[in-house]
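This report goes through one protein model and the molecule bound to it. Please look at the sequence and the structure before reading on.

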Amino acid sequence: MCSRDCCSKGGVSRTKDGNPCERRAEKQETDIIVPTPQSLLYPYEMIQEIADFLVKGSGIRPKIGIICGSGLGSLADLIQNPKVFEYSKIPNFPVSTVEGHAGKLVVGCLEGVNVMAMQGRFHYYEGYPLAKCSMPVRVMKLCGVEYLFATNAAGGINPKYAVGDIMLMHDHVNMLGFAGNSPLQGPNDPRFGPRFPALVNSYNKDLINKAIDISKAMGIESSVHVGVYSCLGGPTYETIAELRALRMMGVDAVGMSTVHEVITARHCDMKVFAFSLITNKCATEYSEKKDEEANHDEVMAVAKNKQKACCEMVSRLVAEIQKSL
Ligand SMILES: O=P(O)(O)O[C@H]1O[C@H](CO)[C@@H](O)[C@H]1O
C-alpha cells in the first residue's frame, strides 16, 4: 500500500475506488531501464579517439587488419618492427578474458604492408554486447585499414573435413542475427555505412581465389576447403541436435566469433578474407565417445600445431595484396 491508501490488484496499484494510483504509475515509469542500443555504445568520436591514439602511438596507418583466432596469436608475431599496445592501456578498449587470446594489439609491417593485428578478440559469451566485440573493426577502419583478415578456430561439421584442415569462409549463417541480435542494432551512423548493408559477396572472391592458389603453391590444397561458417553465442559447445540442424542448413564449420566482425567490416566497406582452422570434428552421432567431445585444450593444441601453415597462408596473401597496392 502506498501512502495514498492504495492496494495492488493484478500487479497494478489502485486507489480504493479502483482507479490506478498515479504516484505508483509515476514511480514505475522512472524505474524502467532502457538498454542503450548497441550502435550507441561506441559513438564515432570515441572510435576516432582510439584510432588517433593508435596511429599517433605507432606512427603507422595500417592497410590490413588481422584478427587472430584462438591459439593463432602467432600470426601477429610475423609483424616486423612491432609496436605493441596492451588492450588495458588503450583508452576505452575492453580486455581479453579467454585463454589463447593475449589481449594485445600489434602494429607494424608484414611483407612490405602496414598491418594491425589483434592478438585476442572479444566474444559475446564473455559478456560483451556484439557491438563491443566488433568495435575494434571500426577502430581499424578509422586507422586506415581497407582489408580485414579474420581467423578463427572452429569445429568441423562437414564430414569431409579433418582436424587441422583450413576452411576459407565464403559465406556464413548468422545464428545470433536469426535471434534478432546485431552489432548494428540501434541508430545508424552513416559515417560508418548504410542503414541496410547487403551481405551477399561479403567474402572477397578474389582473395579466396588467391588463397586457393597459395594453398596449391604450399602443397596443402587437399586440406583446404571453401565453406560456410556459423557463429553461435557459446560458451557451450553445441549439442548433437544443434549440429545436425546446422548441417542441414548447409553449415560446414561452427564457432563463437567472426560473423559480427565481418558484418561490421562490410558495413564500413572493408574487403574481407576469413578462414577457420578446423580444431575438432563435431560429433553428430549419439554414440560418440566422451573423448570426442569438443574442449578448449584440444582447440588450443591443434591451433598451436597448425600455426605455421596458417602464418604462411596469411603472409603469402598479404604479399599478394602488396603487389596490387
Ligand atoms: O573463434 P575463436 O576466437 O578462434 O575461438 C573459438 O574457440 C573457442 C572455443 O574453443 C571459442 O571462443 C570459439 O569461438
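Ala, Val, Leu, Ile, Met, Phe, Trp, Tyr, Cys and Pro count as nonpolar, Asp, Glu, Lys and Arg as charged, and the others, Gly among them, as polar. This is a predicted model, in which local features need pLDDT of at least 70 and side-chain atom pairs count only at pLDDT 80 or more, while totals for chains, interfaces and linings use all residues. Residues are numbered from 1 along each chain as its sequence is written.

By these classes, the shell around the ligand holds 4 nonpolar, 8 polar and 1 charged residues. A residue is near the ligand if its C-beta atom, placed from the backbone, lies within 6 Å of it. Of the 13 residues in this shell, Gly69, Ser70, Asn152, Met256 and Ser257 come nearest.

UniProt, in an unreviewed entry, places the feature "binding site" at Glu238 and Asn280; such annotations may be inferred rather than shown by experiment. The two positions span 43 residues in sequence, yet their C-alpha atoms are no more than 12.3 Å apart, so they gather at one spot.

A residue is buried if 20 or more other C-beta atoms lie within 10 Å of its own, exposed if 12 or fewer, and partly exposed in between. Helices (H or I, at least four residues) and strands (E, at least two) are DSSP runs, numbered from the N terminus.

| Residue | Place | C-beta atoms within 10 Å | Class |
|---|---|---|---|
| Glu238 | loop between strand S9 (224-231) and helix H7 (240-248) | 21 | buried |
| Asn280 | strand S11 (271-281) | 19 | partly exposed |
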